[in-house]
Amino acid sequence: MIATSGSQQRVLNIAIFLVLCAGVFIAVAPLLYMASTAFQGIAYVQPYPPRLLPETVTLENFTQAFSSRNFVRAMLNSAGVAIATTGLITALASTMAYSFARFEFRFKKFIFSALMVMIMIPGVVLLIPQFILAKNLGLLNSLPGLVLVYSAGPLAFNTFLLRGFFENLPRELEESAVIDGANAFTIFWRVMLPLAAPAISTVAVFSFLGAWDEYLLALNFLTDENLRTLPIAIANFRGQHSSNWGLVFAGSLTAVVPTILLFIFFQRYFIQGITSGGVRG
Amino acid sequence: MSLNSVRQVRGATGRTPRRVVDRSKPYYRPYVPYLFLFPGLALYLLWSVYPLVYQLYISFFDWRIIPGQTSEFIGLANYQAVFADRTFWLAMSNTAMYAVVTVAGQMIIGLTLALLVNRVTIARRFFRTIYYLPVVTSWVVVSFLFVYIFSPGDGGLINFALMKLGVIAKPVSWLANSGTAWIAIYSLGIWKGMGWAMVIFLAALQGIPPELYEAAAIDGATEWQRIRYMTLPLIRRTIFFVLIALMIGGFQVFISVLLITGGGPLHRTEVALTYMFDEAFGDLHFGYGAALSYVLAIVIVLVSVLQARFFGRGDQDLEY
């Protein structure tokens, strides 16, 4: 395939492999360093020399993190908010997308373009009006309120993604079901939705991740300690115990490991989402 | 009603049902599409469209968030103040610089890794997975992690490594002045995003038919010639797409700066969004912050539109 001799080729391949391994080291070293610091135990002085693998493994920092009631509560809050957001986004985006893909109605083009405008505008620039709106609606310090805001942001893009998927399903499926006497809801629920499962899974993993990691809205919307989410709890570890980084990273690892597992197990859906454009992890 | 029964219908009639259904007449009642549309659209109107309009309204006021105080209509004064504000211009140029540096870094590293991974025959999936790990790690966590990695003492990972390599003689206080703080912020941006670029580039490279390479090899093209004159032009659209997506992301840099330097020292590392955040939620200048947000949103939309114009159609397709 390539116009070089065999031994040259082998040298080149080894060089490529070494560069790729160097890349692996750069990608992983900071994460290893974090884990090592978390497992090394309580240390108020930065250890010298720094270690990518811990000398001794202890769960001290994890015990301390989990003995804090706020941290455990924050985990449960984050899990609840992330699951609810995932459910809401998948439900709303799939029904909207289906409507655009499979039905004809007045103002369809206009409504769809109006929806697409927001894909270009980053969500963070709406922080101020969303905050004031939430305040006026009495939705500050409310986890369901946070779920609503979390769900609204990615809705446009996910609708766009799913619309493309629904459009590509064969018309004949729908028509056969109509002959069988099925109505629009049955067709959507029993025929189309199961077929769209891969695309919906893509939407679901990104929705979950987005809500699980969200920091800014949570920081401003929630002042009640009992309602705080995981990223806020981790930031507070740093604020309160700025010298014990082991604790900060024990909390961080607790938040990060589920997302890494999610990524590894659902990698197919991640790759599908990323390569269909727009989704950033 | 299940798929099975649909298949049975087809089997029983022995012909495609296409001829039976009149495509011009919808099988659903006219209100049905709106039922599907309404819940999502309502949420979207309330939390995205309304805030966008409301923000414009707020930006015309000396907005008071504290109950009992009245907000005064001041017309375009907030916008005039924004454009006369030296910190705003510093924040904007910092943001643009961040976008340029990190986008270049992510694209060069991402493309190189993708080209190399595409060349190896083993462990492709392994490499892809590992390079993507920083992307799925939360911004809050990696920001703290980089603060720790760039710690000032000689126990800081970067200081330790650079001293061992003989690059620096004594430990550097990276985050204490803006020049070195940017190094930490830039490297976080590149480190966290290179895997994203790599995954997209790899998908595009894998879409190139191998016959093209075989033809080039027969023609005696060198490795570099093949990359320069075949591969890169073939994935042109993907390159533009990644460029635009990363630029838009770069202009939204926020949490890393907020948590690493907080915009300091003396606003020197301020970016557009940290400044907006500071003005609104720190100093309670909500009208001013709203005007700032609007200006930034317009800049981001302009950047993406202009780039799409300049660099072709900004298509998201990965097909050849």
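A student and a tutor go through the terms used for this predicted model.

Tutor: This is a predicted model, in which local features need pLDDT of at least 70, side-chain atom pairs count only at pLDDT 80 or more, and totals for chains, interfaces and linings use all residues. Residues are numbered from 1 along each chain as its sequence is written, while chains are lettered from A and ligands numbered from 1 in the order in which they are written.

Student: Why is Tyr27(B) called partly exposed?

Tutor: A residue is buried with 20 or more other C-beta atoms, placed from the backbone, within 10 Å of its own, exposed with 12 or fewer, and partly exposed in between. Tyr27(B) has 17, so it is partly exposed. Its place is the loop between helix H1 (3-13) and H2 of chain B.

Student: What makes chain A more spread out than a compact globule?

Tutor: The radius of gyration is taken over C-alpha atoms, and the globule rule is 2.2 Å times the number of residues to the power 0.38. For 281 residues the rule gives 19 Å; chain A has 24 Å, well over that, so chain A is more spread out. Its C-alpha trace spans about 75 × 70 × 35 Å along the principal axes.

Student: What makes up the side of chain B that touches chain A?

Tutor: Its residues divide into 65 nonpolar, 21 polar and five charged. Ala, Val, Leu, Ile, Met, Phe, Trp, Tyr, Cys and Pro count as nonpolar, Asp, Glu, Lys and Arg as charged, and the others, Gly among them, as polar. The contact (C-beta atoms, placed from the backbone, within 7 Å) takes 91 residues from chain B and 87 residues from chain A.

Technical notes
Contact = placed C-beta atoms within 7 Å. Helix = DSSP H or I, 4+ residues; strand = E, 2+ residues; numbered from the N terminus.
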